[in-house]
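Please take a moment to look over the fold shown here before reading on. The paragraphs that follow begin with one pair of packed elements and then widen to the rest of the chain.

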Amino acid sequence: MPSTPRGHGDPGLQPERTALAWGRTMLSLVTASALYLRWLPHHGLPILLLFAVSAGAALAIYLTQRRRYGASAYGVSRERVDADVNAVLWTAFAGVALGALGIGVVLAA
């Protein structure tokens with residue numbers, strides 16, 4: 001079986017699919033951040049907290065993407081891929097925090 005240029009022999013390119021999924025999550029958070037800034041004139045400064053959480057989560061995904069891809073490619077090459085539980089939990093926490101903060105901002109207006 002020929003190996004791919006990235007050093008793993010996965011014909012389904014699982015590390016690439018995972019990287020694309022994290023990229024879509026990051027793009028969604030950046031888009032939400034832009035929408036929060038658009039709400040700033042109507043809802044005031046509490047929106048900046050929503051912006052900070054969303055942009056911070058997107059930045060964290062961006063900064064850890066290369067490490068996550070490398071770990072996934074290495075896992076495929078040794079035929080054992082471990083889930084990045086911390087990344088999933090922090091992303092879930094950011095989603096819950098954004099929901100709770102969003103409800104708080106809307107109810108405060």
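In this predicted model, helices H1 and H2 pack with their axes 8 Å apart and at an angle of about 170 degrees. Because an angle over 145 degrees counts as roughly antiparallel, H1 is described as roughly antiparallel to H2. Sorted by class, the residues that form the contact of H1 with H2 comprise 24 nonpolar, eight polar and two charged ones.

The pair belongs to a protein with three helices and zero strands, so that, read along the sequence, the pattern is α-α-α. Of the 109 residues of the protein, 25% count as buried. Among contacts between residues at least 6 apart in sequence, 65% join residues that are at least 24 apart.

Helix H1 itself can be followed from end to end. It covers residues 14–43, and because a helix is expected to advance 1.5 Å a residue, its 30 residues should span 44 Å, which agrees with the 42 Å that separates its end C-alpha atoms. Along the way H1 bends by about 25 degrees at leucine 37, and a proline, proline 41, follows within four residues. After the helix comes glycine 44, whose phi is positive, near 85 degrees.

Which residues of H1 are buried? They are Pro15, Trp22, Leu29, Ala32, Ser33 and Tyr36, and the buried residues of this helix pack against both helix H2 (46–77) and helix H3 (85–108).

Serine 33, which lies in helix H1, gives a close view of this packing. Its relative accessible area is 4%, and because buried means under 20%, serine 33 counts as buried. Not counting residues up to four places away in sequence, serine 33 touches Phe51, Ser54 and Ala55.

A view from the partner helix is offered by glutamine 65, whose place is in helix H2. Glutamine 65 has a relative accessible area of 19%, and it is therefore buried, since the cut-off is under 20%. Once its neighbours within four places in sequence are left aside, glutamine 65 is in contact with Ala19, Trp22 and Gly23. With alanine 19, glutamine 65 forms a pair that is 46 residues apart in sequence, although their C-alpha atoms are 7.1 Å apart in space. Trp22, one of the residues that glutamine 65 contacts, is also listed among the buried residues of H1.

Notes:
Residues are numbered from 1 along each chain as its sequence is written. This is a predicted model: local features need pLDDT of at least 70, side-chain atom pairs count only at pLDDT 80 or more; totals for chains, interfaces and linings use all residues. Side-chain values use heavy atoms; hydrogens and water are left out. Helices (H or I, at least four residues) and strands (E, at least two) are DSSP runs, numbered from the N terminus. The expected span of a helix is 1.5 Å times one less than its number of residues. The bend at a residue is the angle between axes fitted to the seven residues ending there and the seven starting there. Buried means under 20% relative accessible area, exposed over 50%, partly exposed in between (1.4 Å probe, protein chains only). Contact means heavy atoms within 4.5 Å. Axes are lines fitted to C-alpha atoms, for helices over the stretch in contact, and angles run from 0 to 180 degrees between N-to-C directions. Angles under 35 degrees count as roughly parallel, over 145 as roughly antiparallel, 65 to 115 as roughly perpendicular and the rest as oblique. Ala, Val, Leu, Ile, Met, Phe, Trp, Tyr, Cys and Pro count as nonpolar, Asp, Glu, Lys and Arg as charged, and the others, Gly among them, as polar.
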